[in-house]
Amino acid sequence: MDSLYNGEFSFSNNTSKQDFELLTKALDASLSGIIITDNRQPDNPIIYCNKAFEDITGYHRSEIIGHNCRFLQKDDRNQNARHALRDAIDNGTNAVVDIRNYKKDGTLFWNELYMSPIKDGDNQVNYFIGVQNDISRRKKAEDEVKSNHAKMEQRIQERTKDLRENEEYLASIVQTVRESLIVLSPDLKVLSVNDHFINTFKVTREETEGKKLYDLGNGQWNIPELQDLLEQILPTNNPVTDFEVAHDFPHIGKKLMLLNAHRIELEGQFKDRILIAIEDITDRRAIEQRKDDFLSIASHELKTPLTTIKGYVQIINRLIKNYDDEKLRESVGKTGLYVERLNNLIGELLDVSRIQSGMIELHKTPFDFDRMIHETVANIQQGSGTHEIILTGQTGVQFNGDESHITQVVTNLLSNAIKYSPDHKKIGVHLSVLSGFIKVAVTDHGVGIAKDEQAKVFDRFYRVRDVQQKFPGMGIGLYICASIISNHNGTLWVESEPGKGSTFSFTLPLTSNHADKNGGDDAR
Ligand code: ADP
């Protein structure tokens, strides 16, 4: 390679023109852009370029030959790749760089440039050969990968931060709640407990975490029934609710604990864990017990003098039979009425304390169910000058149960229906027998009960807030009814709409196997 000829090489004398054309054709057939620069000339000008180089750069050969390669960088001169090229030129070494170049129309392309020096016998670099490929697409793909990677990393960081925050948030809740918490693995080993647990049971983390639940303390949780329930949580997803454990615990003595357990899962972190929340209800239960004891004592204490008063009223009634004083007779009559009402109220309070202590006595004998209903309806109808009770249907059944208790239920439901429908005078009672069950439904068109209150009205001392002022009552009638019906293995429920009225219904099973879950007329 000696001199420049017409923008192309003229080879040394021993290279034929034919060979030269062949080589030029070969170079032009290459998809890579190829240039040769003459390092012996000032500013290392390009002395050869092939066709692909023209295609890649958009310049014509006439605009390329004689120029230093730098024109491809336009103003984008501050690139690290340039320094690497400069070093290679100065040291006469090979270089491979990815460099930003610009086409004639100004568009950027990434040039993957291989540059290698051609030295003469004296080790002087006479030429450089540059082979270039437009790798913009690859670069773009690489950039996309990098940017996706960066985005992914950022997302992971954000997610990790969220999780950490969640974890801190959960941890702060776990530490704040006033219940002892245990997290169990699927094989019921203690994974962690909160501070409240440590403080309540006066134990250390070391003697708790990592242990089997049943091995804790002196085996306080090793109760077969509890074990069955806990082992069913994961397979069935059924929580354990309000399981009471009365036990003599190490360090803290006799306590009553209330257990609730659920399956827990925190997406992306863990699944199939069991969270047990334990509440010490020893004090609460003692207070409830004191209240119940007070109720029982108070109603008994009230009952005794009232029975005496009742007796005296009866005596006075007899004594004044022949008196011609209408006013006196009326007053004594009313006294008798109110004494009877007071007697009923105290009777209900006594019932509540009997239910509480499980001392309700059932006296089951077969009785004519329809007759009982007719008598009860007639009795209530007689006492109500305001409402009309319409009885429909019949059962035709001899029912084996405690007649006075069932009568008490019907009386209560009818009294309520009358009390809570002051503006609507019709009360319906419907009797039926449905596949082995007696059904009694008492319907009124009165104030009704909101949906979220409907289950609560059967609780002890519960009264719907809106009615408290307007209607007298202690909130125990339905509690007693529910207990009586349940003692007969039946169900009592309400369907109601505020402003439209309520239907209280109960069913009682007729078959003997249903009828006697407690094994006879035993006292409870
Ligand atoms: P009490 O009537 O003495 O308050 P109950 O136990 O019989 O107690 O009833 C509980 C509550 O249920 C009542 O306070 C009342 O709010 C609601 N309730 C009972 N029966 C009816 C009814 N027929 N219609 C509307 N509300 C009723």
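## Exercises: a loop asparagine and a ligand site

Asn50 sits in the loop that links strand 4 (46–49) to helix 2 (51–57). Keep in mind as you work that this is a predicted model.

**Exercise 1.** Decide whether Asn50 is buried or exposed, and find which backbone atom its side chain reaches.

*Solution.*
- Start with the cut-off: a residue counts as buried under 20% relative accessible area.
- Asn50 has a relative accessible area of 0%, so Asn50 is buried.
- Now follow the side chain of Asn50: it comes to 2.8 Å from the backbone nitrogen of Ile34.

**Exercise 2.** Work out where the ligand sits and which elements give two or more residues to the shell around it.

*Solution.*
- Begin with the site: the largest pocket holds the ligand.
- Next, list the elements giving two or more residues to the shell: helix 11 (403–419), helix 12 (477–487) and strand 19 (501–509).
- Helix 11 contributes the most, with three residues.
- Count the surroundings: the ligand has 21 residues around it, and Asn416, Tyr420, Asp444, Arg463 and Leu478 are the closest.
- Sort the shell by class, and you get 12 nonpolar, six polar and three charged residues.

**Exercise 3.** Find which polar atoms of Met474, Gly477 and Ser502 lie by the ligand, and how much of the ligand the protein buries.

*Solution.*
- Take the backbone: an N or O atom of Met474 is 3.1 Å from a ligand oxygen, and one of Gly477 is 3.2 Å from a ligand oxygen.
- Then turn to Ser502, where a polar side-chain atom lies 3.4 Å from a ligand nitrogen.
- Finish with the area: the ligand taken alone exposes 530 Å², and the protein buries 97% of that.

Notes: Residues numbered from 1 in each chain as written. Predicted model: local features only at pLDDT ≥ 70, side-chain atom pairs only at ≥ 80, totals over all residues. Heavy atoms only, no water. Near = heavy atom within 4 Å. Polar contact = N/O pair within 3.5 Å; in protein donor to acceptor, adjacent residues only side chain to side chain. Areas by Shrake-Rupley, 256 points an atom, 1.4 Å probe, with all protein chains shown as cover. 1 Å grid on protein atoms, 1.4 Å probe; cavity = no way out; pocket = protein on both sides within 12 Å on 5 of 7 lines; lining within 4 Å. Sits in = over half its atoms within 2 Å of the grid points. Helix = DSSP H or I, 4+ residues; strand = E, 2+ residues; numbered from the N terminus. Nonpolar A, V, L, I, M, F, W, Y, C, P; charged D, E, K, R; others polar. Buried < 20%, exposed > 50% of the residue type's maximum accessible area, 1.4 Å probe, protein only.
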